[in-house]
Amino acid sequence: MLVFTRRRGEAIIIGDGIEVRVLRVGRDGIRLGVVAPASVPVHRQEIHAQISQANRAAVDPAASDPAYRAAMAARLKTRVP
Amino acid sequence: MTSESLQPATGLDASKHDAVAVEGSNEIVLFPQGLPGFESCRSFVLFSAEAGPLQWLSSVEGAAASFLTIDPKLVMPTFRYTLSRTDLARLGSTDGSGLLWLAIVLIEPDGTLTANLRAPIVINPTSMVGQQVLPHDCLYPLRHVIVPASAG
């Protein structure tokens, strides 16, 4: 991990043009601004980790089986129009 | 959208399945960043179930990533998700209209059927590009119960 000390208003540049700037340092935390191309996703780490974990838990090899999908759809009929 | 049979992508036997025809000559949906946890999966195919609310989203490369999905509005009629300008740009959409929304279904060990409404998958049928959008503020449930274990 690269470690920097930055004061308010200072920034770091990553790669071709991703910029992370310290906007405000406060009691509640540090406000960061990120400039990145639209093609680069930027998210809170804990959200990304949570969705990553949820996706891995949801992988269902049985989904390829039409009989399995039909069985699940039948269960859904009780709840979903 | 109509259903039609498609030639299978490598590794998939699509002959038994109806693929959801997403407009365009190519049925592969490109996910430029993959999915969180499956960043190596950049191409997916979407299949519809036989006359039901479920779809099957399957990667055609990278890790084996196979998911059941459902329209989030079916399980939560008030579901509303605002896409950022960045999300729209990535999907090749100007105004967010005509997009296909899918929530990944997770079946818990006790049989409870849940839907991930927090991070839906959005596909632009015109550009054949998709992504899983992550929330910036308002959080929908990660495991919204569709069918409890005891029912169905």
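This is a short talk on the chains, the nonpolar cores and the largest pocket of one predicted model.

Okay, hi everyone. Please keep in mind that what's on screen is a predicted model.

Let's start with chain A. Going from the N terminus, its elements run β-β-β-α-α, so to put it in counts, by the DSSP runs, that's two helices and three strands. Now, how does the radius of gyration of chain A sit against that of a compact globule of 81 residues? The globule would come out near 12 Å, but chain A has 22 Å. Its C-alpha atoms fill a box of roughly 60 × 30 × 25 Å along the principal axes. Buried residues make up 25% of the chain. And if you take the contacts in chain A between residues at least 6 apart in sequence, 0% of them join residues at least 24 apart.

Next, the pocket. The largest one has a volume of about 480 Å³. Which elements give two or more residues to its lining? Those are strand E2 (18-26) and strand E3 (29-35), both of chain A. E3(A) gives the most, with three residues. The lining includes A:Ile30, A:Leu32 and A:Val34, and chain B joins in with B:Pro135 and B:His136. By class, we're looking at nine nonpolar, two polar and one charged residues.

Now the cores. The largest nonpolar core has 32 residues, and the ones touching the most other members are B:Ile70, B:Leu83, B:Leu117 and B:Ile146. Chain A has a hand in this too: helix H2 (66-76) of chain A supplies at least two residues of this core. On the chain B side, the elements that do so include strand E4 (43-48), helix H2 (85-91) and strand E8 (113-124).

If you want one residue to click on, try B:Leu117. Skipping its neighbours within four places in sequence, B:Leu117 is in contact with, among others, B:Pro72, B:Phe79, B:Tyr81, B:Ala103, B:Tyr140 and B:His144.

There's also a second, separate core of 18 residues, which includes B:Phe31, B:Leu102, B:Ile121 and B:Met128.

That last residue, B:Met128, deserves a stop of its own. You'll find B:Met128 in the loop between E8 and strand E9 (129-132) of chain B. Its phi is positive, about 60°, although B:Met128 is not a glycine. Why does B:Met128 count as buried? Because its relative accessibility is 9%, and the cut-off for buried is under 20%.

That's my tour; over to you.

Terms used
Residues are numbered from 1 along each chain as its sequence is written. Chains are lettered from A and ligands numbered from 1 in the order in which they are written. This is a predicted model: local features need pLDDT of at least 70, side-chain atom pairs count only at pLDDT 80 or more; totals for chains, interfaces and linings use all residues. Side-chain values use heavy atoms; hydrogens and water are left out. A nonpolar core is a set of buried Ala, Val, Leu, Ile, Met, Phe, Trp, Tyr and Cys residues joined through side-chain atoms within 4.5 Å. Buried means under 20% relative accessible area, exposed over 50%, partly exposed in between (1.4 Å probe, protein chains only). Helices (H or I, at least four residues) and strands (E, at least two) are DSSP runs, numbered from the N terminus. Contact means heavy atoms within 4.5 Å. On a 1 Å grid over the protein atoms alone, a cavity is a set of points where a 1.4 Å probe fits but cannot get out, and a pocket is an open set with protein on both sides within 12 Å along at least five of seven lines; lining residues have an atom within 4 Å of a point. Grid points are joined across faces, edges and corners, and a volume is the space filled by probe spheres set on the points. Ala, Val, Leu, Ile, Met, Phe, Trp, Tyr, Cys and Pro count as nonpolar, Asp, Glu, Lys and Arg as charged, and the others, Gly among them, as polar. The radius of gyration is taken over C-alpha atoms; the globule rule is 2.2 Å times the number of residues to the power 0.38.
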